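Please work through the two exercises below with the sequence and the structure in view. Each one gives a task and then a solution in steps.

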Amino acid sequence: MNATPVYLDHNATSPLRPVAYEAMVEALRMGGNPSSVHRSGRRARACIEGARGKVAALVGSLPAEVVFTSGGTEANNAVLTGSGRKRVLVSAVEHDSVRRVVPGAGVIPVDRDGVVDLAALERMLAASPEPALVSVMFANNETGVLQPVADIGRIVRAAGALFHCDAVQAGGKVAIDMHGLGIDYLSLSAHKLGGPPGVGALVLREGAPFSPDRVGGGQEGFRRAGTENVPGIAGFSAAAEAAVNGLDMADWRNRLESALCELAPAARVFGAGAPRLSNTSCISMPGVRAETQVMALDLAGICVSSGAACSSGKVGPSAVLEAMGVDLSESVTALRISFGWNTVFGDIERLIAAWRDLYVRVSQSDISRPQAA
Ligand code: PLP
């Protein structure tokens, strides 16, 4: 086995970029509470305000619209509970930090590729005069499928509703112009783009209604109480700056998918009919459960996820693939492969070779017999 591990699980978390590490070390050395008025505090404050500008540049917002949070989960929760809208509509493929926040939220269906049904969204918005909050993600964490965000923004605006977009997986991968797209609230997470875990941002369009649920100091313009995580924010902004031009890895992803589908013609790429992030591939290995694939590839020195990985590390049925109408027997065979800033072409070739070895091995053994989900 080649000694260098291959990490192809950037949608779970992306390794820390060296520039982010450097910025964090510098901020840790610097110390200071940004709310203090003395020089030490002023230095920490300057670090945060510089960071705000870099994060704003990633999504086309004003720096003052950026509120630093502890990550994507907090940002998503804060909008769903704090927009003031009681009627909430979320897409069927949202991350749990959106999908599970408001009990009784309306669920907007998706098509077989995982793309939001725009006609259904229009019907749902028209079904009640009560103003709504609509939450639809920019890009899906399991399949990489990109939503028609500009169309959603237009529909939502025309209905007098507010639009939240979870851009945790899209930030630093595709261009985002939050204002041009009609987004009122946008969530980001540092560790998905090469920053540290435990820090992110909620970008609030100027004038968008928002009541925070935290009580405490007046940090972040009274929008998020609590002393700011200065080293985390410094690392986040350095990673955001490095990621500002996005990722274009479509050639490598196409090479990977065509090689795997050639090896196993019954393999299926989920969301293949829709625009997708160029770093993500969610693909089935016919007849082989994802846990088996993840373990075998790990033994071969390759880190990937099951398509349905959940936070506990266990594999459950994927709500995303289910919403796309994929049978359970097929969705349990879905593997998620996601590239990132430090991926090299040789990583893809190693994955193809290890995937082929496993597929050939199991095709010749009992494991390839249909297994109970
Ligand atoms: N939203 C999406 C689409 C995600 O993929 C994730 C993390 O996997 C989150 C939100 C949560 O972000 P965080 O880990 O920063 O809380």
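**Exercise 1.** In this predicted model, find at roughly what angle the axes of helix α9 (residues 250-263) and helix α13 (residues 345-363) cross, and decide whether α9 passes α13 in a right-handed or a left-handed crossing.

*Solution.* Begin with the axes of α9 and α13, which come within 10 Å and cross at roughly 15°. Angles under 35 degrees count as roughly parallel, and therefore α9 is roughly parallel to α13. The last step concerns the hand, and here α9 passes α13 in a right-handed crossing.

**Exercise 2.** Describe the surroundings of the ligand, stating how many residues surround it, how they divide into nonpolar, polar and charged, and which helix gives the most to the shell.

*Solution.* First, take the shell as a whole: 14 residues surround the ligand, and the closest are G72, T73, D166, S189 and K192. By kind, the residues of this shell divide into 10 polar, 2 nonpolar and 2 charged. Helix α3, which covers residues 72-82, gives the most to the shell, with 3 residues.

Next, turn to individual atoms of the ligand and the protein. A polar backbone atom of G72 is 2.8 Å from an oxygen atom of the ligand, while a polar side-chain atom of T73 lies 2.6 Å from a ligand oxygen. The side chain of S189 has an N or O atom that is likewise 2.6 Å from an oxygen atom of the ligand.

Finally, consider the cover that the protein provides: the ligand taken alone exposes 390 Å², and the protein buries 85% of that.

Key. Residues are numbered from 1 along each chain as its sequence is written. This is a predicted model: local features need pLDDT of at least 70, side-chain atom pairs count only at pLDDT 80 or more; totals for chains, interfaces and linings use all residues. Side-chain values use heavy atoms; hydrogens and water are left out. A residue is near a molecule or strand if one of its heavy atoms lies within 4 Å of it. A polar contact is a pair of N or O atoms within 3.5 Å; within protein, one must be able to donate a hydrogen and the other to accept it, and residues adjacent in sequence count only if both atoms are side-chain atoms. Accessible areas come from the Shrake-Rupley method with a 1.4 Å probe; for residues, only the protein chains shown count as cover. Helices (H or I, at least four residues) and strands (E, at least two) are DSSP runs, numbered from the N terminus. Ala, Val, Leu, Ile, Met, Phe, Trp, Tyr, Cys and Pro count as nonpolar, Asp, Glu, Lys and Arg as charged, and the others, Gly among them, as polar. Axes are lines fitted to C-alpha atoms, for helices over the stretch in contact, and angles run from 0 to 180 degrees between N-to-C directions. Angles under 35 degrees count as roughly parallel, over 145 as roughly antiparallel, 65 to 115 as roughly perpendicular and the rest as oblique. A crossing is left-handed if the near helix is turned anticlockwise from the far one by less than a right angle, and right-handed if clockwise.
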